[in-house]
Amino acid sequence: MKLGTKDLKRLLLPVTACLALGLVGVACYFAADSYVQDTEKQRAAISAQRTEVQGKLNRANEEEREIKANLQQYRALVARGIIGEEKRLDWVDTITTIKSERRLFNISYSIEPQKQLDYPGFSAGSGVYFMTSRVRINLQLLHEEDLLNFIDDLAKRSKLYLSVRNCTIQRTERGSGGTVLAPRLQADCVFDLITIRHTRPA
Amino acid sequence: MLRKKRLLYLTANRLTAYSLSHRRLLVDASFEHNDQGIAAFAAYLAGSRNLYYLLIDVVEEDYHRDTIPYLSRKDRRQVLARKLAQRYRDISLSLSLSLGYDQGERRNEKVLYASFSNTQQFQPWLAALERSEVRLVGAYSTALLAPLLIRGAGLKASRCLLVSVQQTGLRQSYVEHGQIRFSRIGRLNLDDAAGVAAACASESARLQQYLETTSLLPAANTPIDVMVLAAGRYHAALTEACRSTEVLDFHIVNADTQCRAAGLQSFPADAPCDALFLHAAATATPAQQFAQDRHRHHYQLWQIGKGLYAAGIAVLGSGLLYAGVQLFDAYDLRQQIQSDKTRFDAISAEYARVTATFPKTPTSTENLKTTIKQYQMLQAQTASPAYLLLAISKVLAAYPQVEIERIEWRVGKPGQEGVSSKGTVSTATAPVQSAAGVPALDLGYELATVSARVVGARRAELRAITNMASQFIDAFKKGPRLEISNVDMPFSVTTEGTFKGEIGSERAIAEDARFSVTIGKRLGR
């Protein structure tokens, strides 16, 4: 069968109707599919929310215990001064006191600018900021135990958290039999003075 | 709504137009075979959108049996067209019917060619149909429809002769295995019932002889069934005249009754047989017909249009059906969402009630948790030199010949020191694995690099100095949780390094016999 121009004109309406009906049918298919998929996503989302809140409710007692425990530690940190601004002068006063009490030789120090702590596992972005100031300190020692006592005192008395990063101890003299009390050892140490803040650092 | 069908009964002298609607077959008009008749027929057709069926009932018919080889569809079509063209001068109203295949190895196909031998008489009618662009479903002969009537009457004979008393005369159509094999028409005086009955009987016997002669019957005296179809008024005479014999088994069928049995509520009373043929053409339309494509062009266009509409509706229907199923699923999901929402609200309210009793915190619960968690992590990474210095002190007490010159304590990872100039032994440490097999956070080590020397030894006492240093270093290995790395011995006794010595010099105190070792303890343990 051969179709002429006249025939094609006659078939125009059926072709148009076929296409229109087909398009409507296909549109129905995709619209319904899309609607079901959207609905399925909504269902999955609300189901996940429900599961989450159910889990939180199940863990409520545990959470309360955890909050209480955390709060206790938190208050202890606040009391020690670890949470809050770094108080350098207080820290210097503490060194002075320790030196005096322990009868230590000269102590020299330098405190670097404060920055965010970058130890393994610490990341910026949460609402909690661990700040650190690096301190380089030089001590003249009679005995290595003086260093340990100094560090121990400093860690206990400072109103910040002390993290010792390195210490090099070496002899300053060998075989001296004099009676004058003179330093025999020299210690060069690096400490991190750490404080915790809940506001973003400038 | 059922579309009205138009049925055209064409004889040599006239064309009678019928319409079939709601089981009523009515005569619309009759047109004589002359110019006025053709013109009136064209006027009758004008603007019609009905389906038309043309039934031709004339004397000039030809049937011819042939055999063609077993061929592919395309070759078969070409061969049949060529055979028809060879046999008939005019093939505008011709067809070929397959009668089955030979059982032999070559599987030749038996074919029956059928054609109207004088088609010129039909051309004015066909031209009028073509000009009016009517939807001609097909052109059929009464012979072509005979198997339908035999089947409609309930006769299941393999060989059957249909004898029908029609307006044009006495039509005899021989049907074998449901397919037409031969047909002819004879003159008849329809007013003489006894004559009609006698003609039926005698012509049947004559045709049986003819079929035997032309080998259409396999052997002499082959019995055949004869179905005599005639109006009710001939029934008594036919019953009287048509007595079955050994070769002819007569079955008298009342055409009036048969019309009603076929579902026709109304039909022309004077032509019940014609009505049956027309009804069969319109309701059980055979696939084979005589008209060419050009005559059926507008019907085929209509079929294409109908197909397009059907395809569109099918796609729409499928889409709607799918959408319906999906919407049903969506309704189910909505119900689940509503149920989940209700439960979510209830649980949220319960959770809010429970958390209202929690202690007040100076910062958010999350910040509080993070602060403590990270503080604990900080503690795990913090160490005092005390542990390692104490360990060194204990070992040193057992080796008075060893004097420490320098201790470098630090928090870090082993192997980060510079490469030693002398033989270095490093103990590799793999990251700690958590219970789940995931690498845990590597917090590092507290490390102490001890630089020492063996005092009081002479330069020549290489073995003694080396042994002393080794024993001193090995002593650290006994310490709990201690790991040894970066061992730098006093002398490079391995084959990789340069080894210098001085033998015989009693004054040469081994001041350069220094060695070093790094001891470490993993943080967080």
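The following exchange examines how certain descriptions of this predicted model are justified.

Reader: What makes up chain A, in terms of helices and strands?

Author: Chain A holds five helices and five strands. Read from the N terminus, their order is α-α-α-α-β-β-β-α-β-β. Of its 202 residues, 25% count as buried. Among contacts in chain A between residues at least 6 apart in sequence, 70% join residues at least 24 apart.

Reader: How many residues does each chain give to the contact between chain A and chain B?

Author: Chain A contributes 65 residues and chain B contributes 69 residues. On the side of chain A that touches chain B, the elements giving two or more residues are helix 1 (5-10), helix 2, helix 3 (60-80), helix 5 (144-157), strand 4 (161-171) and strand 5 (185-197) of chain A. Helix 2 of chain A gives the most, with 28 residues. By residue class, this side of chain A divides into 36 nonpolar, 17 polar and 12 charged.

Reader: Why are helix 2 of chain A and helix 9 of chain B called roughly parallel?

Author: Helix 2 (residues 12-58) of chain A and helix 9 (residues 297-355) of chain B pack at an angle of about 15 degrees. Angles under 35 degrees count as roughly parallel, and the two helices are therefore described in that way. Their axes lie 7 Å apart, and helix 2 of chain A passes helix 9 of chain B in a left-handed crossing. The residues of this contact comprise 33 nonpolar, 14 polar and 11 charged.

Reader: What makes helix 11 of chain B and helix 12 of chain B oblique to each other?

Author: The axes of helix 11 (residues 386-398) and helix 12 (residues 462-477) of chain B cross at roughly 140 degrees. An angle has to be over 145 degrees to count as roughly antiparallel, and the range for roughly perpendicular is 65 to 115 degrees. The pair is therefore oblique. The axes come within 10 Å, and the crossing is right-handed. Helix 11 of chain B makes the contact through B:A391, B:V395 and B:A398, while helix 12 of chain B does so through B:F472, B:A475 and B:F476. These residues divide into six nonpolar, no polar and no charged.

Reader: How do you know that strand 4 of chain A pairs with strand 14 of chain B?

Author: Two strands pair if at least two bridges are found between them. Strand 4 of chain A and strand 14 (residues 402-412) of chain B have five bridges, in the antiparallel sense. Within this pairing, A:N166 has B:R410 of strand 14 of chain B as its bridge partner.

Reader: What makes strand 5 and strand 6 of chain B edge strands?

Author: Each of them, strand 5 (61-68) and strand 6 (94-101) of chain B, pairs on one side only. They belong to an open sheet of three strands in chain B, with order 5-7-6 and antiparallel pairing. From one strand to the next, the twist averages 20 degrees. Strand 5 of chain B and strand 7 (residues 109-116) of chain B are joined by eight bridges, and B:E61 has B:F116 in strand 7 of chain B as its bridge partner. Helix 2 (residues 73-87) of chain B packs on the sheet and touches strand 5, strand 6 and strand 7 of chain B. The direction of this helix makes about 45 degrees with that of strand 7 of chain B.

Reader: Which residue takes a positive phi in the hairpin of strand 10 and strand 11 of chain B?

Author: B:H177 does, with phi near 50 degrees, in a hairpin that has two residues between the strands. Strand 10 (residues 169-176) and strand 11 (residues 179-186) of chain B pair in the antiparallel sense over seven bridges. B:V175 has B:I180 in strand 11 of chain B as its bridge partner.

Reader: Why does B:N221 count as exposed?

Author: A residue is exposed if 12 or fewer other C-beta atoms lie within 10 Å of its own. B:N221 has 10 such neighbours and therefore counts as exposed. B:N221 is placed in the loop between helix 5 (193-213) and strand 12 (224-230) of chain B. Its phi is positive, about 60 degrees, although B:N221 is not a glycine.

Reader: Why is B:R481 given the description "exposed"?

Author: B:R481 has 10 C-beta neighbours inside 10 Å, and therefore counts as exposed. B:R481 is in the loop between helix 12 and strand 17 (483-488) of chain B. Its phi, near 65 degrees, is a positive value in a residue other than glycine. Most residues other than glycine have a negative phi.

Conventions
Residues numbered from 1 in each chain as written. Chains lettered and ligands numbered in written order. Predicted model: local features only at pLDDT ≥ 70, side-chain atom pairs only at ≥ 80, totals over all residues. Axes fitted to C-alpha atoms, helices over the stretch in contact; angles between N-to-C directions. Helix = DSSP H or I, 4+ residues; strand = E, 2+ residues; numbered from the N terminus. Left-handed = near helix turned anticlockwise from the far one by under 90°. Nonpolar A, V, L, I, M, F, W, Y, C, P; charged D, E, K, R; others polar. Buried ≥ 20, exposed ≤ 12 C-beta atoms within 10 Å, placed from the backbone. Contact = placed C-beta atoms within 7 Å.
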